Amino acid sequence: MRISQAKFVGSFPEYAKAPRSGLPEIAFGGRSNVGKSSLINALLKRKSLAQISKDPGKTRLLNFYVIENMSGKEALYFVDLPGYGYAKVPKDVRVSWKKLVEGYIADSSKIKGFVILIDSRRGLQEEEIQLIEYLPTQNKMVCPVLTKSDKLNRQAGTEIVRKTAALLSALGEKVHLPVLHSSETKIGNDLIWRWIDERITDGK
Ligand code: GTP
Ligand code: MG
């Protein structure tokens, strides 16, 4: 999609408090510090729309951004989900994150897809596998994104894509092939946008 503008709408402690405009939603999830806010800024070609945290684990709300198409019409939301699995976050916060995200998945009929971020230097961890396995059971499409690929050489980048694809291959067609991304070089932006465009034009 060609976009004219993107705006921060607000942060909501639960989906019931989020705006009810009927626009499609694309959710972004992953561990704290994995690069969610940076990916959102890279996709929207903005430097600092989504706040890049110096304090990992700070985002504990559903952050909504609205995206306008070239005709100036509001077309979709990006929803930045709170990071999870960060070692310094107490267990009760992790439990509340899980409740928030599962509640969001259950309550929103507008989620057209989940972009799940994985640090390309670490690869898939148990919690990410659990989330990626869970989403297709809820009839949700998943685009796995390997972040911060500028920190890897080309061979290591190819290898982590291959390894991640192999781990996810049993999950079926709802899970896209992993996309290698960097918010520094913007590699992978086009592939992710193509996937988002397919999601939001589906069934319209
Ligand atoms: P939380 O909101 O705390 O869950 O973090 P987040 O997932 O939104 O991560 P954020 O975008 O704030 O990035 C975390 C750190 O990683 C920041 O210091 C970013 O500058 C850095 N970072 C993010 N993406 C990239 C990337 O593609 N390449 C490099 N080299 N650094 C990145
Ligand atoms: Mg963030």
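Me: Does Lys148 count as buried, partly exposed or exposed, and what is its relative accessibility?
Reply: This is a predicted model, and in it Lys148 sits in the loop between S6 and helix H4 (154–168). Buried would mean under 20% relative accessible area and exposed over 50%, with partly exposed in between. Lys148 therefore counts as partly exposed, at 22%.

Me: What is the phi of Lys148 near?
Reply: Most residues other than glycine have a negative phi. Lys148 isn't a glycine, yet its phi is positive. The value is near 60 degrees.

Me: Which loop holds Asn139, and is Asn139 buried or exposed there?
Reply: Asn139 also has a positive phi without being a glycine, near 65 degrees. You'll find it in the loop between H3 and S6. Exposed takes over 50% relative accessible area. Asn139 has 58%, so it is exposed.

Me: In what order do the seven strands of the open sheet run?
Reply: Start from the edges, strand S1 (3–12) and strand S7 (179–180), each of which pairs on one side only. Inside, S2 pairs with strand S4 (residues 74–80) and with strand S5 (residues 111–119), while strand S3 (residues 62–69) pairs with S4. The pairing is mixed, and the order is S1-S3-S4-S2-S5-S6-S7.

Me: How many bridges join S2 to S4, and which residue in S4 is the bridge partner of Ile26?
Reply: Strands of a sheet pair through backbone hydrogen bonds, either parallel or antiparallel. S2 and S4 run parallel, joined by four bridges. The partner of Ile26 in S4 is Phe78.

Me: Over how many bridges do S2 and S5 pair, and which residue in S5 is the bridge partner of Gly30?
Reply: S2 and S5 pair in the parallel sense, over six bridges. Look for Gly30 on the S2 side of this pairing. Its bridge partner in S5 is Leu117.

Me: Why is strand S2 (residues 25–30) largely enclosed by the rest of the structure?
Reply: Take the two ways its residues point: Glu25, Ala27 and Gly29 go one way, Ile26, Phe28 and Gly30 the other, and all are buried. S2 is largely enclosed because the buried residues number six of the six.

Me: In which sense do S3 and S4 pair, and which residue in S4 does Phe64 stand opposite?
Reply: S3 and S4 pair over six bridges, in the antiparallel sense. Phe64 is the residue to follow across to S4. Opposite it stands Val79.

Me: What angle does the direction of helix H5 (residues 189–201) make with that of S5?
Reply: Helix H3 (residues 126–137) packs on the sheet too, touching S5 and strand S6 (142–147), and its direction makes about 165 degrees with that of S5. H5 packs on the sheet as well, touching S1, S2, S4, S5, S6 and S7. Its angle with S5 is about 160 degrees.

Me: At roughly what angle do the axes of helix H1 (residues 36–43) and H5 cross?
Reply: Leu39, Ala42 and Leu43 in H1 meet Asn189, Ile192, Trp193 and Ile196 in H5. By class, this contact has six nonpolar, one polar and no charged residues. The axes come within 10 Å and cross at roughly 85 degrees. That makes H1, relative to H5, roughly perpendicular.

Me: How many of the residues of H1 are buried?
Reply: H1 is mostly covered. Its buried residues are Lys36, Ser37, Leu39, Ile40, Asn41, Ala42 and Leu43. That comes to seven of its eight.

Me: Where is Ala50, and what is its relative accessible area?
Reply: Ala50 lies in the loop between H1 and S3. Leaving aside neighbours within four places in sequence, it is in contact with Ser37, Ile40, Asn41 and Tyr65. Ala50 is buried, and its relative accessible area is 0%.

Me: Which element gives the largest share of the largest nonpolar core?
Reply: That core has 30 residues, and Leu62, Phe64, Leu81, Tyr104, Phe114 and Ile132 touch the most other members. The elements giving two or more residues to it are S3, S4, helix H2 (91–107), S5, H3, S6 and H4. The largest share is five residues, and it comes from H2.

Me: How many residues are in the other core, the one with Val34 and Trp193?
Reply: This core lies apart from the largest one. Ala50 and Leu76 are among its members, along with Val34 and Trp193. Its count is 25 residues.

How values were computed
Residues are numbered from 1 along each chain as its sequence is written. Chains are lettered from A and ligands numbered from 1 in the order in which they are written. This is a predicted model: local features need pLDDT of at least 70, side-chain atom pairs count only at pLDDT 80 or more; totals for chains, interfaces and linings use all residues. Side-chain values use heavy atoms; hydrogens and water are left out. Buried means under 20% relative accessible area, exposed over 50%, partly exposed in between (1.4 Å probe, protein chains only). Two strands pair if DSSP finds at least two bridges between them. Contact means heavy atoms within 4.5 Å. Axes are lines fitted to C-alpha atoms, for helices over the stretch in contact, and angles run from 0 to 180 degrees between N-to-C directions. A nonpolar core is a set of buried Ala, Val, Leu, Ile, Met, Phe, Trp, Tyr and Cys residues joined through side-chain atoms within 4.5 Å. Angles under 35 degrees count as roughly parallel, over 145 as roughly antiparallel, 65 to 115 as roughly perpendicular and the rest as oblique. Ala, Val, Leu, Ile, Met, Phe, Trp, Tyr, Cys and Pro count as nonpolar, Asp, Glu, Lys and Arg as charged, and the others, Gly among them, as polar.
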